[in-house]
Amino acid sequence: MKLFGTDGIRGDSSKFPFDNDTLFVIGKSIAEILGGQKRILIIRDTRESGRRIQTALAKGIVSAGSKVIFGGVLPTPAASFLLKNGKYSAGIVISASHNPYQDNGIKIFNSKGAKLTDAVENKIEKKILSSLQIPNDRQQVQHGKSVSLNVKEDASLMKKYERFVIKNFGKGSLKGKTIVSDCANGAVCESAVNVLRKLGATVKVLNVKPDGKNINLSCGALHPEFAAEMVKQSKAFCGFCFDGDADRLICIDENGDIKDGDFFLGSMAKFLKSKKKLKNNVLVTTVMANIGLIKAMKEAKIKVITSKVGDRYVLEDMKKYKSSLGGEQSGHFIFRDILGTGDGLLSAVKLLAALNSEGKTMSQMFSGIEKFPQVLVNKTVENKIPFENLPKSSDLIKKYEKELGSNGRILVRYSGTENLLRVMVEGQNIQSVKKMANEIISCAEKEIADQVRNDDNRG
């Protein structure tokens, strides 16, 4: 059984492993392995299941002899900052990021504010699964229901995080600028508005009334079109859309055009290089990066390193190549000299500081990136069968890769957190690209279904 995916433990909050008994074991196991200084920070987003999960984890932690600090509703990256600058042995973020409210997740950070390595996650997972199988430990779980908690949420931690973000703007202010902020009814509802207003901006807000069920619901980074319309209507300087836990950012320029992470990364890399702050002239992104970004960086004499999808893998390569900037097309950006994880609000503030410094609008800043047409198709599948075991689909991919040549590419992968097949195709002609993506995913879906059916018949 595998509990950890590409970004912690995630799934339906009403099912295993998010039942209270298992959460108690998870909390206890985290404390026993990462206990150290005996203080573990827990923060959460706005999902209705968050408080229950927080309480169950905390009981397990306390039963192991550790102390729990509740930070309340805060963005995921706030945990990284607070751990880096406080005396904690570990941090837990209760969030399923951009997923709907029915899901939740457990992300774990070490005492330095970094996400756990695979080796440490495996160690915790092994302990959890082992404890669930041992009768004596199951009795401890039942006993854990009587563990009493007297923990209040510390509102001062949000203020510390906001001061940290504001400090990274540097000199100047946003006075006279109107900024649209779509907070996705999530963890950044208070902080984004507070930070932008303290920097002098007039803020027009969207989706800042969480009710436990409306997080990410037709809003935020997943649906930036609504903020884009408000930018146009209000003639705003720009707009920002966050996801539920605010580690992701999608930008909107003054014309209401939606700009993904490739525009942000390419423009910020060139800006930092001009200020001699792009270490080793290296930008780290992922295999999902558009060819247009790769070509623009080549022209700017910036070396691009492409990692596996996932900000933890981006960070690993940033450390390896001593890079100060990295991120993903989906909107995760890491300024490693400042913080070791993606932070949507910090990224927005760093971009605004660059725009102030250059005296540019966002469209001017992003104008150096010309993107190739790209199509991404997702399909729910019954099983994640390795592609080397799907001969028809593999042959079709090879055929289309040959047709695209050096002016396109195909990337096929499974989601690390869901039973989803993702097919991405880039090329010069949008109609051809769409056709290729849809045919590949249809072929793979049929081939997977056939293999699953054959396996069932044999069983």
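A residue counts as buried when its relative accessible area is under 20%. Keep that cut-off in mind for what follows, and keep in mind too that this is a predicted model.

**Helix α9**

Start with α9, which covers residues 261-274. Of its 14 residues, 11 are buried, so the helix is largely enclosed by the rest of the structure. The buried set opens with a run that takes in G261, D262, F263, F264, L265, G266, S267, M268 and A269, and it also includes F271 and L272.

The length works out as well: at 1.5 Å a residue the helix should span 20 Å, and its end C-alpha atoms are indeed 20 Å apart. At the N-terminal end, D260 acts as the cap, with a side-chain oxygen 3.0 Å from the backbone nitrogen of D262. Past the other end, K276 sits just after α9 and takes a positive phi of about 60 degrees.

**The second largest pocket**

Helix α9 turns up again in the second largest pocket, where α9 and α12 (344-358) are the elements that give two or more residues to the lining. The pocket holds about 350 Å³ of space. Its lining has 17 residues, and N168, F271, L272, K277 and K350 are the ones nearest the centre. Two of those names are familiar: F271 and L272 are also on the list of buried residues of α9.

Which helix supplies the largest share of this lining? That would be α12, with 4 residues. By class, the lining divides into 8 nonpolar, 3 polar and 6 charged residues.

**Salt bridges**

Side chains of opposite charge can pair when their charged atoms come close. Searching the whole structure turns up 25 salt bridges. Here are three of them, with the N to O distance for each pair.

| Pair | Closest N to O |
|---|---|
| E125 and K2 | 3.7 Å |
| D245 and K107 | 2.6 Å |
| K107 and D247 | 3.7 Å |

Take the pair E125 and K2, joined by a salt bridge at 3.7 Å. It links distant parts of the chain, with E125 in helix α4 (residues 118-133) and K2 in the segment before β1 (4-5), 123 residues apart. The two ends sit in contrasting surroundings: E125 is buried at 8% relative accessible area, whereas K2 is exposed at 55%.

Now for K107, which forms a salt bridge with D245 at 2.6 Å. Here too the partners come from distant parts of the chain: D245 is in the loop between β9 (238-242) and β10 (249-252), while K107 is in strand β6 (residues 103-110), 138 residues away. D245 is buried at 0% relative accessibility, and K107 is buried at 1%.

K107 also forms a salt bridge with D247, this time at 3.7 Å. Since K107 lies in β6 and D247 in the loop between β9 and β10, the pair ties together parts that are 140 residues apart in sequence. D247 is buried as well, with a relative accessible area of 1%. Through shared partners, salt bridges join D7, R10, K107, K115, D245, D247 and D311 into one network.

**Cavities**

Rolling a probe the size of a water molecule over the atoms shows where empty space is left. For this model, the whole-structure search finds 2 cavities of 30 Å³ or more, and the largest has about 60 Å³ of space.

What lines the largest cavity? The residues are F4, T6, D7, G8, K107, I108, K115, L116, E121 and R312. By class, that makes 3 nonpolar, 2 polar and 5 charged residues. Among the lining residues are D7, K107 and K115, and those three names also appear in the salt-bridge network.

**R47**

One last stop is R47, in the loop between β3 (39-44) and α2 (50-63). Is R47 buried or exposed? It is buried, with a relative accessible area of 2%. Its side chain has a couple of contacts worth a look in the viewer. One is a polar contact of 2.7 Å with the side chain of D45. Another runs from the R47 side chain to the backbone oxygen of P100, at 2.8 Å.

Terms used
Residues are numbered from 1 along each chain as its sequence is written. This is a predicted model: local features need pLDDT of at least 70, side-chain atom pairs count only at pLDDT 80 or more; totals for chains, interfaces and linings use all residues. Side-chain values use heavy atoms; hydrogens and water are left out. On a 1 Å grid over the protein atoms alone, a cavity is a set of points where a 1.4 Å probe fits but cannot get out, and a pocket is an open set with protein on both sides within 12 Å along at least five of seven lines; lining residues have an atom within 4 Å of a point. Grid points are joined across faces, edges and corners, and a volume is the space filled by probe spheres set on the points. Ala, Val, Leu, Ile, Met, Phe, Trp, Tyr, Cys and Pro count as nonpolar, Asp, Glu, Lys and Arg as charged, and the others, Gly among them, as polar. The expected span of a helix is 1.5 Å times one less than its number of residues. Buried means under 20% relative accessible area, exposed over 50%, partly exposed in between (1.4 Å probe, protein chains only). A polar contact is a pair of N or O atoms within 3.5 Å; within protein, one must be able to donate a hydrogen and the other to accept it, and residues adjacent in sequence count only if both atoms are side-chain atoms. A salt bridge is a side-chain nitrogen of Lys or Arg within 4 Å of a carboxyl oxygen of Asp or Glu.
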